[in-house]
Amino acid sequence: MLDGRFWHPRFPRLRALIPRRVVLAWPEFLLDGRWVTASELYGDLGMLRAGGRFTNAGGETLFDAIARTAVDWDGSTCSSCDLSGHVLADLGFFGSRDDLFDEHGQTLCLPVRIPADLLMSRRAA
């Protein structure tokens with residue numbers, strides 16, 4: 001679970017709609033018996049460390065950023081990639097994002113959640 005202020009640079013005009021806590025489903029993949037973060041799919045972490053910091057401002061999304069830099073939620077990869085200061089709680093591992101949201105709920109505000117649920121409920125995890 002992330003501090004909602006993490007999203008303020010990206011959505012400055014929508015701050016009032018951003019909840020204080022946001023559940024974020026961050027993908028990891030089981031490859032050759034080892035869990036690999038989405039960042040590591042693009043290269044080894046040594047190379048990705050040199051890619052610079054993710055600022056969450058402008059047009060680059062988290063998923064755009066992982067092609068050039070590591071995105072580190074627990075502070076173990078590198079200081080320039082460390083986003084652990086925005087993490088309020090580690091909610092664990094889930095088989096799908098739907099399982100995560102079923103257990104912990106969706107944190108979007110109601111006017112945004114209703115259309116998002118309608119749209120996303122039609123997509124498989």
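Me: What share of the contacts with a separation of 6 or more in this protein joins residues 24 or more positions apart?

Reply: They account for 50% of those contacts. The model is a predicted one.

Me: How do you know how confident the predictor is in this model?

Reply: The mean pLDDT of the protein is 81, and 88% of the residues score at least 70. The scale runs from 0 to 100. Among the elements, strand β1 (residues 2-3) has the highest mean, 93, and helix α4 (residues 110-120) the lowest, 67.

Me: What makes up the secondary structure, and in which order do the elements run?

Reply: There are four helices and four strands. From the N terminus the order is β-β-β-β-α-α-α-α.

Me: Why is Asp 3 paired with Arg 5 in the list of salt bridges?

Reply: The closest N and O atoms of Asp 3 and Arg 5 are 2.5 Å apart. The cut-off is 4 Å between a side-chain nitrogen of Lys or Arg and a carboxyl oxygen of Asp or Glu, so the pair qualifies. Side chains of opposite charge can pair when their charged atoms come close.

Me: Is Asp 3 called buried or exposed, and what about Arg 5?

Reply: Asp 3 has a relative accessible area of 13%. Buried means under 20%, so Asp 3 is buried. Arg 5 stands at 57%, and the limit for exposed is over 50%, so Arg 5 is exposed.

Me: Which other salt bridges does the search find, and what makes them count?

Reply: The whole structure holds three. Glu 60 and Arg 68 meet at 2.8 Å, N to O. For Arg 97 and Asp 98, the closest N and O atoms are 3.9 Å apart. The requirement is within 4 Å, so the pair of Arg 97 and Asp 98 counts too.

Me: Why are the residues of these two bridges classed as they are?

Reply: Glu 60 has a relative accessible area of 22%, and Arg 68 has 30%. Arg 97 is at 25% and Asp 98 at 34%. Partly exposed lies between the buried limit of under 20% and the exposed limit of over 50%, so each of these residues is partly exposed.

Me: What makes Phe 29 eligible for a surface patch?

Reply: Phe 29, in strand β3 (residues 28-31), is partly exposed at 34% relative accessible area. A patch residue needs over 30%, so Phe 29 passes that step. The nonpolar patch joins Phe 29 with Leu 31, Leu 41 and Tyr 42, and together they have about 370 Å² of accessible area.

Me: What makes Asp 32 stand out in its backbone?

Reply: Asp 32 has a positive phi of about 50° and is not a glycine. Most residues other than glycine have a negative phi. Asp 32 sits in the loop between β3 and β4 (34-37). At 85% relative accessibility, Asp 32 is exposed, because the limit is over 50%.

Me: How do you know where Gly 59 stands, buried or exposed?

Reply: Gly 59 has a relative accessible area of 65%. Exposed means over 50%, so Gly 59 is exposed. The residue belongs to the loop between α1 (45-49) and α2 (62-65).

Me: Which residues does Gly 59 touch beyond its neighbours within four places in sequence?

Reply: Gly 59 is in contact with Arg 10 and Asp 64. Gly 59 and Arg 10 are 49 residues apart in sequence, with a C-alpha to C-alpha distance of 8.1 Å. Contact is judged on heavy atoms within 4.5 Å, so a C-alpha distance of 8.1 Å does not rule the contact out.

Me: Which residues are in contact with Leu 45, leaving aside those within four places in sequence?

Reply: Leu 45, in helix α1, is in contact with Glu 40, Ala 70 and Thr 77. Leu 45 and Thr 77 are 32 residues apart in sequence and 7.3 Å apart in space, C-alpha to C-alpha.

Me: Which residues have the most contacts inside the largest nonpolar core?

Reply: That core has 14 residues, and those with the most contacts inside it are Phe 6, Trp 7, Trp 26, Leu 62, Val 71, Trp 73 and Leu 83. Membership requires burial, so Leu 62 is a buried residue. Beyond four places in sequence, Leu 62 touches residues including Phe 6, Leu 24, Phe 54 and Val 71.

Me: How much of the protein is buried, and how much area is exposed?

Reply: Buried residues are 26% of the 125 residues. The exposed area is about 8,100 Å², with 55% supplied by carbon and sulfur atoms.

How values were computed:
Residues are numbered from 1 along each chain as its sequence is written. This is a predicted model: local features need pLDDT of at least 70, side-chain atom pairs count only at pLDDT 80 or more; totals for chains, interfaces and linings use all residues. Side-chain values use heavy atoms; hydrogens and water are left out. Patches are made of residues with over 30% relative accessible area and no salt bridge: like charges are joined within 9 Å, nonpolar side chains (Val, Leu, Ile, Met, Phe, Trp, Tyr) within 5 Å. Accessible areas come from the Shrake-Rupley method with a 1.4 Å probe; for residues, only the protein chains shown count as cover. Helices (H or I, at least four residues) and strands (E, at least two) are DSSP runs, numbered from the N terminus. Buried means under 20% relative accessible area, exposed over 50%, partly exposed in between (1.4 Å probe, protein chains only). A nonpolar core is a set of buried Ala, Val, Leu, Ile, Met, Phe, Trp, Tyr and Cys residues joined through side-chain atoms within 4.5 Å.
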